[in-house]
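Use these questions to read the model shown below. Try each one before reading its answer.

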Amino acid sequence: MKPTSILFVCLGNICRSPTAHGVFESLVETQGLANVISVDSAGTGDWHIGSPPDNRATDAALVRGYKLAHLRARQIAVHDFVEFDHILAMDLANLSHLERMVPAGFFGHLGLFLDHTDWPKPAQVPDPYGGGADGFEQVLTLIENASAGLLDYLKATTFT
Ligand code: 4NP
């Protein structure tokens, strides 16, 4: 059976979405679900195509045990709407960019990643790029929480 596929999307694909990619993939592997869930990430912008994640994201993630350094940024493309079951945006600006790209016949799920938390909606992962290290810590904490919620959701809806 084809794995359930998850695509995390932010603006540059060097801070938030690679963090979500690394954190959620680690959770999936820890739970022995790597054969049924596949994970990827992309940016709506094209500035950082081919670049590794921002060092601040990589360093903050490593402190919590997540490896991001092997990831490379790419830009979302229309074919991603064919290939992925769940496309999850980090904030409303990127969600609205994605909504404008949706091709006819897209039957997947497009939404905000933090919909998979108990926080008041809409909840967003703030862009840490122009700020300090504390922003990257906050991003990680938000993403760890939403990753647990997303996995619970997938277990309840997809693997029953
Ligand atoms: P991300 O952060 O969307 O979480 O990867 C950003 C990275 C780069 C830029 C903006 C946000 N930028 O303007 O280059």
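Q: In which loop does Asn13 lie?
A: This is a predicted model, in which local features need pLDDT of at least 70, side-chain atom pairs count only at pLDDT 80 or more, and totals for chains, interfaces and linings use all residues. Residues are numbered from 1 along each chain as its sequence is written, and side-chain values use heavy atoms, with hydrogens and water left out. Helices (H or I, at least four residues) and strands (E, at least two) are DSSP runs, numbered from the N terminus. In these terms, Asn13 is in the loop between strand 1 and helix 1.

Q: What is the phi of Asn13?
A: Most residues other than glycine have a negative phi. Asn13 is not a glycine, although its phi is positive, at about 60 degrees.

Q: Which residues does the cis peptide bond join?
A: Most peptide bonds are trans. In the loop between strand 4 and helix 5 sits Pro122. With omega about 0 degrees, the cis bond joins Lys121 and Pro122.

Q: In what order do the four strands form the open sheet?
A: Two strands pair if DSSP finds at least two bridges between them. The pairing in this open sheet is parallel. Strand 2 (37-43) and strand 4 (109-112) each pair on one side only, which puts them at the edges. The order is 2-1-3-4.

Q: Which residue in strand 2 stands opposite Val9?
A: Strand 1 (residues 4-10) runs parallel to strand 2, and seven bridges join them. Opposite Val9, in strand 2, stands Ala42.

Q: What angle does the direction of helix 4 make with that of strand 4?
A: Helix 4 (residues 92-101) packs on the sheet, in contact (heavy atoms within 4.5 Å) with strand 1, strand 3 (86-89) and strand 4. Axes are lines fitted to C-alpha atoms, for helices over the stretch in contact, and angles run from 0 to 180 degrees between N-to-C directions. For helix 4 and strand 4, the angle is about 160 degrees.

Q: Which strands does helix 5 lie across?
A: Helix 5 spans residues 133-157. Its direction is at about 150 degrees to strand 1. The strands that helix 5 lies across are strand 1, strand 2 and strand 3.

Q: How is helix 1 placed relative to helix 5, and what is the word for it?
A: The axes of helix 1 (residues 16-30) and helix 5 come within 9 Å and cross at roughly 50 degrees. Angles under 35 degrees count as roughly parallel, over 145 as roughly antiparallel, 65 to 115 as roughly perpendicular and the rest as oblique. Helix 1 and helix 5 are therefore oblique.

Q: Which residues in helix 5 meet Arg56, Ala57, Ala60 and Ala61 in helix 2?
A: Helix 2 (residues 55-63) packs with helix 5 at about 55 degrees, the axes being 9 Å apart. That angle makes helix 2 oblique to helix 5. The residues in helix 5 that meet the four from helix 2 are Phe136, Glu137 and Leu140.

Q: What kind of pair do the rings of Phe81 and Phe106 form?
A: Rings of Phe, Tyr and Trp (its six-membered ring) pair if their centres lie within 6.5 Å; planes under 30 degrees apart count as stacked, over 60 as edge-to-face and the rest as tilted. Three aromatic pairs are found in the whole structure. The centres of Phe81 and Phe106 are 5.3 Å apart and their planes are at 85 degrees, so the pair is edge-to-face.

Q: How many residues apart in sequence are the parts that Phe81 and Phe106 tie together?
A: Phe81 is in helix 3 (residues 80-83). Phe106 is in the loop between helix 4 and strand 4, so the parts tied together are apart in sequence by 25 residues.
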